[in-house]
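Student: I'd like a close look at one part of this model, the largest pocket, and whatever cavity there is to set beside it. Take me through the linings, please.

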Amino acid sequence: MSNTWSVWLLPKGADKVYLSDYINIYSNFYGSKKFDPHLTLFGRIDLNPEPFFPFFDEISLDVKILNVKTLSIKIGKSYFKKLYIPIGYNEKIYALQKKVDSIFTNYKKYKFDPHISLAYGNFTAHKKDNKLISPISKISFSSLAIVHTPDEIENWSIIRKFYLN
């Protein structure tokens with residue numbers, strides 16, 4: 001059993017519903033696993049997360065991440081980035097990720113590439129499939145989450161949320 005966990009930003013209210021609906025559409029269309037919409041700040045750390053809770057409480061206090069620009073839907077090559085929405089440069093997201101990275105980079109190197117995946121899997125996506133949904137132009141985030149992320153997507157679960165200001 002894996003004890004790995006990841007640090008995610010979770011979309012706010014209507015954006016979460018919108019993205020969840022589209023993840024469900026693509027999961028059904030491609031026969032792939034469903035998952036909660038998120039932006040990964042740091043992925044798959046194999047440490048006890050509890051000692052880091054005060055750090056996450058502190059860094060989420062004064063952060064508000066609203067109306068983040070999105071780019072056109074892209075098709076990727078990796079399992080976890082097969083169909084995704086790249087996120088435009090946002091100073092607050094990069095500053096938050098830099099704080100997280102400063103704590104965990106000694107345990108693991110992580111290449112940050114801000115995006116929100118719409119489908120995971122080993123299938124071939126086609127450019128015309130991008131048109132199944134209407135693009136979202138901006139996303140707001142409500143919380144940072146520590147998420148148990150073992151190899152089996154269906155076993156992913158939120159360990160703890162830290163609400164953004």
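Tutor: Strands here are DSSP runs (E, at least two residues), numbered from the N terminus. Keep in mind that this is a predicted model, where local features need pLDDT of at least 70, side-chain atom pairs count only at pLDDT 80 or more, and totals for chains, interfaces and linings use all residues. Residues are numbered from 1 along each chain as its sequence is written, and side-chain values use heavy atoms, with hydrogens and water left out.

On to the pocket (an open set of points on a 1 Å grid over the protein atoms alone, with protein on both sides within 12 Å along at least five of seven lines). The largest one holds about 370 Å³ of space, a volume being what probe spheres set on the points fill. Its lining (residues with an atom within 4 Å of a point) runs to 21 residues. Nearest the centre you'll find Thr-40, Gly-43, Phe-80, Tyr-110 and His-115.

Strand β2 (39–45) is one of those giving at least two lining residues, along with β1 (5–11) and β6 (115–119). In fact β2 has the largest share, four residues. Chemically, the pocket lining is a mix: eight nonpolar, eight polar and five charged.

Now the cavity, where a 1.4 Å probe fits but cannot get out. There's one of 30 Å³ or more, and the largest has a volume of about 40 Å³. Tyr-18 lines this cavity, as do Ile-85, the run Thr-70, Leu-71, Ser-72 and Ile-73, and the run Ile-133, Ser-134, Pro-135 and Ile-136. That cavity lining has seven nonpolar residues, three polar and no charged ones.

Key: Nonpolar A, V, L, I, M, F, W, Y, C, P; charged D, E, K, R; others polar.
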